[in-house]
Amino acid sequence: MKEGLTLLHRLNGHPDSRCWFVSWSPTGTLLASCGGDKAVRIWGREGDSWVCKSVLEDGHQRTVRKVAWSPCGNYLASASFDATTCIWKKKNDGFESLTVLEGHENEVKCVAWAPSGNLLATCSRDKSVWVWEVDEEDDYECVTVVNSHTQDVKHVVWHPTQELLASASYDNNICIYKEEDDDWECRATLQGHTSTVWSLAFDAAGQRLASCSDDRTVKIWKEYPSESGNDLSWKCVCTLSGYHGRTVYDIVWCRLTGALATACGDDAVRVFKEDETANPDQPVFSLAAQATKAHNQDVNCVAWNPKEAGLLASCSDDGDIAIWRFQQED
Amino acid sequence: MSGGTRLENANPVIFQRSGERLLTAADEDEDVQDPIDDREIFDLIRSINDPEHPLSLEELNVVEQIRVKVNDTESTVGIEFTPTIPHCSMATLIGLSIKVKLLRSLPDRFKIDVHITPGTHASEEAVNKQLADKERVAAALENSSLLEVVNQCLTARSI
């Protein structure tokens, strides 16, 4: 079998607007998309094609920047420029708005669920990261507000198994947070990128974190046993430079195959594979496949299907969603 | 933009506007493919109004044709603009107006980069970073009062 990225489907996801983000449901059967048209759309497979199953409108007054599924797949959170985060609950065939989380001073840029499903994190242009606790009655309470960044916070992501949170910012840094005596604190600041860090992704084991930036590079960070006791120790072990022609807007690490995919402002989708024989302290990644004209405009997001190895979704400023098959050499 | 009574740069130097583009026989020949050139891009932005003076960006020398770089085959446009004074608080607004004008006028395939002419503004790096951040530009353009100011800059004046 030959390595490569093959286009399977192209959907006009958000006509006449940007498609900012796509997210697979935990079972990999549904894909949620959001965009500049203030709507969230849910896509599902019907036979050999993908169709829009529902449109979630009226939840937001402005652009919906990102969406995230709860680990159980019954809830969807949407982060909007209208400064709120909406929680949607799956009901029969559709979704209904359950609650609206307010508090950020301006645009909410990202939302993410902890692996337990009991915690939710949001971040905003107001420079803060908020952690929310969810109880059995579907009530959400903000348990902490952390102000470790000095600028607009672009992305938040949880560790795959632990209650460890990472955030990326316009201040070029990455922060890692842990709970300590009921309080969430920044326990490590990862410095190295020379411009905005747009997105982050943990590997399957959660020992490494990949980041992508406006500086056109991707960095791989690895956790090391702490020398000083309290603080966490993360070091940059690899920098991928020279591959991306413009800003790298998103990065995603496949939990099933270990392949790393990027979304770039040069319209390309790229897939990198790790050389497994390399020294783990100096990992080597090489370009395994790329679609240089994956979209007609900037690619904003890439997402690996959590159940079907090699199935990749991407979306773009041109409003389209594309679904790809990444084939590996056997 | 506080109060609006005192002008930041009360006596700007005014430059002469350039003449109209000279049309050649090839320009009028429908069978000749004309790539988008620097002059065409310059013509799109030269009559943008300054937010503070009843003058165009060309008349204030904020934009010049030599600071326009277009590559039609690569679908890239690079613009450098020169604020009239190094502490101009309108620099971001002027850059945003240039960007919006080009976003609205050019085909979607173009990547548009708007920067301050190196060495001409105290907060050059911060302004450039903000103008390059499409997420913040998108959020700014959803702000109706800001959009109104941008549209005013982009409305052609009757001379």
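So, the contact between the two chains: chain A brings 27 residues to it and chain B brings 14. Keep in mind, everyone, that this is a predicted model. Between them, chain A and chain B bury about 1700 Å², and 40% of that lies on carbon and sulfur atoms. On the chain A side, the residues that lose the most area to chain B are Arg62(A), Tyr170(A) and Arg246(A), which together make up 33% of what that side buries.

Now for the charges. How many salt bridges are there between chain A and chain B? The count is eleven. Let me point you to one of the residues I just named: the side chain of Arg62(A) meets that of Glu142(B) in a salt bridge, at 2.7 Å from N to O. There are also 18 residue pairs in polar contact between chain A and chain B, counting pairs with both residues at pLDDT 80 or more. And if you sort the chain A residues that touch chain B, you get 13 charged, nine polar and five nonpolar.

Let's move over to chain B and look at helix α6, residues 144–154. Which of its residues are buried? They are Val150(B), Cys153(B) and Leu154(B). Those three sit on the same side of α6(B), because they cover an arc of only 95° around the axis. That fits a general point: an α-helix has 3.6 residues a turn, so residues three or four places apart point the same way. Part of the cover over the buried residues of α6(B) comes from α3 of chain B, residues 91–105. Turn to the face pointing away from the buried side, and you find Ser144(B), Glu148(B) and Gln152(B), which are exposed.

Notes:
Residues are numbered from 1 along each chain as its sequence is written. Chains are lettered from A and ligands numbered from 1 in the order in which they are written. This is a predicted model: local features need pLDDT of at least 70, side-chain atom pairs count only at pLDDT 80 or more; totals for chains, interfaces and linings use all residues. Side-chain values use heavy atoms; hydrogens and water are left out. Contact means heavy atoms within 4.5 Å. Buried area is the accessible area (1.4 Å probe) that two parts lose on being put together, summed over both. A salt bridge is a side-chain nitrogen of Lys or Arg within 4 Å of a carboxyl oxygen of Asp or Glu. A polar contact is a pair of N or O atoms within 3.5 Å; within protein, one must be able to donate a hydrogen and the other to accept it, and residues adjacent in sequence count only if both atoms are side-chain atoms. Ala, Val, Leu, Ile, Met, Phe, Trp, Tyr, Cys and Pro count as nonpolar, Asp, Glu, Lys and Arg as charged, and the others, Gly among them, as polar. Buried means under 20% relative accessible area, exposed over 50%, partly exposed in between (1.4 Å probe, protein chains only). Helices (H or I, at least four residues) and strands (E, at least two) are DSSP runs, numbered from the N terminus. The arc is that of the directions from the helix axis to the C-beta atoms.
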